Every structure is written in C-alpha cells, then in structure tokens.
Amino acid sequence: SAIFNFQSLLTVILLLICTCAYIRSLAPSFLDRNKTGLLGIFWKCARIGERKSPYVAVCCIVMAFSILFIQ
C-alpha cells in the first residue's frame, strides 16, 4: 500500500501531478470546470504540474533513478 511507504506515496503524488497536467494539456475544459470540491484536487495538481514543471521534472528524474538503481 502506498500510504504506509513514503517513497511509494511520493511516486503516486508525482504520477498524479504529471497525469493531471497532461490531461489538462489535451482537454483544458475537462479539468477547468471542476475547480472546487473533491474533483478540484485534480485541477490543483494540474496547476502544480504546469507552473512548477522544472521542479516536477527533476523530482520525476530523481524518483526514477531511485526506483531503478537504489531499490
């Protein structure tokens, strides 16, 4: 379970951010209509992925290196 392992939780969060940013690049209106509520989490993840994309990309590379070579 990803909840009990910190590295798995970070991996899931990074994948969520990257997936939401990708979906928003394909269909912006799909995520923009749900800015509040429970589905607003996906809109917020998309905004993080767009605005902090260099930092997210570095985190993805570090996480991939960690998963491939350290574990």
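**Note on V56 and the helices around it**

1. In this predicted model, V56 lies within helix α4, which covers residues 53-70. Its relative accessibility is 10%, and because buried here means under 20%, V56 counts as buried.

2. Leaving aside residues up to four places away in sequence, the contacts of V56 are with L14, I17, C18, I48 and G49. As for a pair distant in sequence, V56 and L15 are separated by 41 residues along the chain, while their C-alpha atoms are 9.9 Å apart in space.

3. Helix α1 runs over residues 6-26, and its 21 residues should span 30 Å at 1.5 Å a residue; the end C-alpha atoms are 31 Å apart, which agrees with that expectation.

4. The buried residues in α1 include T11, L14, I17, C20, A21 and R24, and among the elements that cover the buried residues of this helix are α2 (28-32), α3 (40-51) and α4. Two of the names in that buried set, L14 and I17, also appear among the residues that V56 touches. As a general point, an α-helix has 3.6 residues a turn, so residues three or four places apart point the same way.

5. The UniProt record, an unreviewed entry, lists residues 6-23 and 53-70 under "transmembrane region". In the model, residues 6-23 are 100% helix and 0% strand, with end C-alpha atoms 26 Å apart, and residues 53-70 are likewise 100% helix and 0% strand, with end C-alpha atoms 25 Å apart. The annotation may be inferred rather than shown by experiment.

Notes. Residues are numbered from 1 along each chain as its sequence is written. This is a predicted model: local features need pLDDT of at least 70, side-chain atom pairs count only at pLDDT 80 or more; totals for chains, interfaces and linings use all residues. Side-chain values use heavy atoms; hydrogens and water are left out. Helices (H or I, at least four residues) and strands (E, at least two) are DSSP runs, numbered from the N terminus. Buried means under 20% relative accessible area, exposed over 50%, partly exposed in between (1.4 Å probe, protein chains only). Contact means heavy atoms within 4.5 Å. The expected span of a helix is 1.5 Å times one less than its number of residues.
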